[in-house]
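Welcome! Keep the model in view and try each exercise yourself before you read its solution.

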Amino acid sequence: MSEKNILINNINVFAEETAASKAVAMQIKQAIEEKQSLGQPIILGLATGNTPKLVYHELVNMHKNEGLSFENVITFNLDEYYPMAPSHQLSYHNFMNMHLFSQVNILPENIHIPHGQWKAEELIEKCEDYERKIQELGGIDIQLLGIGRNGHIGFNEPGSTSDTRTRLIDLHEITRNDAAADFEGLHNVPYQAITMGIQTIMSAKKILLLALGDRKSVIIHKALTGEITANVPASYLRILPQIEFVLDAEAAVLINT
Ligand code: PGA
């Protein structure tokens with residue numbers, strides 16, 4: 001099978017970002033309800049950043065207007081800045097509370113996010129615990145992902161190999177620059193983060209990578225048609241049977257679908 005065939009099977013392009021986000025939310029809703037009908041929990045891997053905001057907005061609407069329950073939902077977030085207080089306005093703890101958790105009926109004990117205040121000497125153990133918890137629950141059913149302009153997934157920056165697991169990582173210059181406006185200056189952006197690894201992400205049963213807008217078109221083209229390499233961590237995903245790239249027309253403009 002040529003790479004092109006693999007790509008065509010796994011790419012879904014929508015006219016604009018709302019339609020793409022709704023499609024992702026719908027898949028998540030259906031998976032939650034399917035597990036509910038079996039009386040089982042669902043394990044969701046969740047992302048932060050601008051990209052998933054509309055997905056969470058849709059899921060909140062589905063909860064409020066269509067009765068979608070999150071009682072059987074267990075979540076593991078991809079990453080968190082380090083160091084970072086959970087109460088900080090720009091922490092991913094705060095992001096998730098604001099955009100999703102405080103607005104649905106998820107049980108607080110079912111929420112897992114790497115902690116930006118884990119003590120340095122405990123970090124390795126805490127990261128291993130994070131991995132163990134995911135595995136003990138049977139693995140991630142659906143992993144939602146964005147993509148950085150440097151090809152990172154989670155905070156797996158260029159150079160992250162396919163065998164990586166949850167760990168502390170130094171943030172790439174592009175990543176810190178992209179966060180500078182939110183932090184009101186590059187000097188305020190943390191230099192490190194805790195992130196699930198590429199291997200953690202690739203172990204998910206279904207992976208939905210969402211990319212929106214023309215600022216993602218160059219990296220999407222590179223990840224989908226360039227070399228499969230640690231320099232572009234998202235490139236590892238395209239040969240996986242369980243990957244689906246969900247793009248809006250602007251993000252897809254450089255690829256031939
Ligand atoms: P963004 O970030 O959604 O804010 O563009 C994506 C990412 O860095 O994974």
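Helices (H or I, at least four residues) and strands (E, at least two) are DSSP runs, numbered from the N terminus. The model is predicted, so to speak of a local feature we need pLDDT of at least 70, side-chain atom pairs count only at pLDDT 80 or more, and totals for chains, interfaces and linings use all residues. Residues are numbered from 1 along each chain as its sequence is written, and side-chain values use heavy atoms, with hydrogens and water left out.

**Exercise 1.** Find glutamate 71 and decide whether this residue is buried or exposed.

*Solution.* Step one: look in the loop between H3 and strand S3 (73–77), where glutamate 71 is found. Step two: recall the classes, with buried under 20% relative accessible area, exposed over 50% and partly exposed in between (1.4 Å probe, protein chains only). Step three: glutamate 71 has 53% relative accessibility, so it counts as exposed. As an extra, the C-alpha atoms of glutamate 71 and serine 91 are 24 Å apart in space, with their positions 20 residues apart in sequence.

**Exercise 2.** Classify threonine 195 in the same way: is threonine 195 buried or exposed?

*Solution.* Step one: go to strand S8 (residues 192–195), which contains threonine 195. Step two: the relative accessible area of threonine 195 is 0%, so this residue is buried. Step three: follow its side chain, which reaches the backbone nitrogen of phenylalanine 155 at 2.9 Å.

**Exercise 3.** Describe the surroundings of asparagine 50, beginning with its loop.

*Solution.* Step one: asparagine 50 lies between strand S2 (42–46) and helix H3 (53–66). Step two: its relative accessible area is 58%, which means that asparagine 50 is exposed. Step three: its side chain makes a polar contact of 2.9 Å with that of lysine 53. Such a contact is a pair of N or O atoms within 3.5 Å; within protein, one must be able to donate a hydrogen and the other to accept it, and residues adjacent in sequence count only if both atoms are side-chain atoms.

**Exercise 4.** Which polar atoms of histidine 152, lysine 216 and asparagine 50 lie by ligand oxygen atoms?

*Solution.* Step one: for histidine 152, a polar side-chain atom lies 2.6 Å from a ligand oxygen. Step two: lysine 216 also offers a polar side-chain atom, 2.6 Å from an oxygen atom of the ligand. Step three: asparagine 50 uses a polar backbone atom, 2.9 Å from a ligand oxygen.
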